[in-house]
Amino acid sequence: MSAAESASPFRPPPQTVEDQWLDFNGHMNMAFYNVAFDRNLDAFFRHLGIGEHYGEARRLSFFTAEVHVVYKRELPPRAPIESAIRLAGLDPKRIVMFGELYHGTEGYLSATSEQLLLHVHLDERRVVPIPDDVFAILKAEYDRTAVLGRPDALGRSVMRLDPG
C-alpha cells in the first residue's frame with residue numbers, strides 16, 4: 001500500500017438516495033444529507049472499534065454539538081452515494097469530523113459536513129475526557145490522514161448579511 005493510499009479517508013459503505021429522502025424539488029432534501037453523514041459517522045466509529053458497544057460497555061459516547069453542511073450539487077432520486085470521512089481535529093474532550101458525499105457514478109462532490117462531537121458520559125449526560133486508550137485510537141487515525149492537509153471547506157462560516 002502506498003503512502004497516499006494509507007492516508008486516504010475512511011470509505012463507508014455506499015448508500016442510495018431513498019425515495020422518502022426526496023423533497024418537492026425532486027432532489028434529496030437537505031435534512032437527509034445529515035442522515036447520510038450520520039450513517040457514515042456510525043460506520044467510521046464501528047471501524048475504529050468505538051461503535052455501539054462502546055456506549056453499552058463503558059457508558060461513554062460522542063454527541064454531536066454542531067454541524068455545518070455545505071451543499072455543492074444536488075443528488076437526484078435513487079442516485080448512488082459514495083462517501084469519505086476523516087477525523088479533522090481532536091482534543092481530550094472533543095473531535096471534529098469532516099465528511100464528503102459524492103455522486104457514486106458521476107463522481108461529483110455533492111456536499112461536505114463538518115461536525116463537532118463531544119465525548120459524553122451516558123449516565124451523567126455531561127462532557128468527560130476521552131479515555132486514554134480511545135484517545136490513542138483517535139490520535140492514530142488523525143495522524144494517519146493528517147498528511148492530506150486541512151480540507152478547504154473546514155472551518156467555514158455562514159455568510160453574514162447586513163440588513164438594509
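Against which elements do the buried residues of α2 pack? I should like to open with that question and then move outward through the model, which is a predicted one.

The answer is that they pack against β1 (15–16), β2, β3 (80–90), β4 (94–103), β5 and α4 (132–146). The buried residues in question are Y33, A36, F37, N40, L41, A43, F44, F45 and L48. As a general point, an α-helix has 3.6 residues a turn, so residues three or four places apart point the same way. With that in mind, please look along the helix itself. The 19 residues of α2 should span 27 Å at 1.5 Å a residue, and the end C-alpha atoms are 28 Å apart, which agrees.

Let us turn to the two ends of this helix. At the N-terminal end, N29 acts as the cap of α2, with a side-chain oxygen 2.8 Å from the backbone nitrogen of A31. Following α2 comes G49, where phi is positive, near 85 degrees.

I move now to the aromatic residues. How many aromatic pairs does a search of the whole structure find? The search finds five. In one of them, Y33 and Y71 meet edge-to-face, with 5.1 Å from centre to centre and 85 degrees between the planes. Because Y33 belongs to helix α2 (residues 30–48) and Y71 to strand β2 (residues 60–71), this pair ties together parts that are 38 residues apart in sequence. Are the two partners buried or exposed? Y33 counts as buried, at 3% relative accessibility, whereas Y71, at 37%, counts as partly exposed.

A further pair is formed by F44 and F45, and this one is tilted: the centres are 6.4 Å apart and the planes make an angle of 45 degrees. F44 is buried at 0% relative accessibility, and F45 is buried at 8%. Ring pairs also link F44 and F45 with F10 and F62 into a cluster.

Several of these residues return when we consider the nonpolar cores. In general, nonpolar side chains tend to be buried together in soluble globular proteins. In this model, the largest nonpolar core has 19 residues, and those touching the most other members are F44, F45, I50, F62, I95, M97 and L138. At least two residues of this core come from each of α2, β2, β3, β4 and α4. The element that gives the most is α2, with five residues.

L138 may serve as an example from this core. Apart from neighbours within four places in sequence, L138 is in contact with L48, I50, F62, L87, L90, I95 and I130. There is also a second, separate core, of 13 residues, which includes W21, Y33, F37 and L75.

Next, a polar residue: Q115. Where is Q115 placed? Q115 is in strand β5 (residues 109–121). Q115 is buried, with a relative accessible area of 8%. The side chain of Q115 makes a polar contact of 3.5 Å with that of S113. Beyond residues up to four places away in sequence, Q115 touches F37, L41, T64, E66, V67, I95, V96 and M97.

Strand β2 offers another residue to examine, namely F63. F63 is partly exposed, with a relative accessible area of 31%. Leaving aside neighbours within four places in sequence, the contacts of F63 are L116, L117, L118, V120, L122 and R125. The C-alpha atoms of F63 and D38 are separated by 11 Å, these two residues being 25 apart along the chain.

Finally, I draw your attention to three arginines. The charged end of R73 sits over the ring of Y108, 3.8 Å from the centre of that ring. R59, in the loop between α3 (52–58) and β2, has a phi near 60 degrees, a positive value in a residue other than glycine. R59 is partly exposed, at 33% relative accessible area. R78 lies in the loop between β2 and β3. R78 likewise has a positive phi, of about 60 degrees, although R78 is not a glycine. At 58% relative accessibility, R78 counts as exposed.

To close, I return to the opening helix: the buried residues of α2 pack against strands β1 to β5 and helix α4, and α2 gives the most residues to the largest nonpolar core.

Methods
Residues are numbered from 1 along each chain as its sequence is written. This is a predicted model: local features need pLDDT of at least 70, side-chain atom pairs count only at pLDDT 80 or more; totals for chains, interfaces and linings use all residues. Side-chain values use heavy atoms; hydrogens and water are left out. Helices (H or I, at least four residues) and strands (E, at least two) are DSSP runs, numbered from the N terminus. Buried means under 20% relative accessible area, exposed over 50%, partly exposed in between (1.4 Å probe, protein chains only). A polar contact is a pair of N or O atoms within 3.5 Å; within protein, one must be able to donate a hydrogen and the other to accept it, and residues adjacent in sequence count only if both atoms are side-chain atoms. Contact means heavy atoms within 4.5 Å. Rings of Phe, Tyr and Trp (its six-membered ring) pair if their centres lie within 6.5 Å; planes under 30 degrees apart count as stacked, over 60 as edge-to-face and the rest as tilted. A charge sits over a ring if NZ of Lys or CZ of Arg is within 6 Å of the ring centre and within 35 degrees of the ring normal. The expected span of a helix is 1.5 Å times one less than its number of residues. A nonpolar core is a set of buried Ala, Val, Leu, Ile, Met, Phe, Trp, Tyr and Cys residues joined through side-chain atoms within 4.5 Å.
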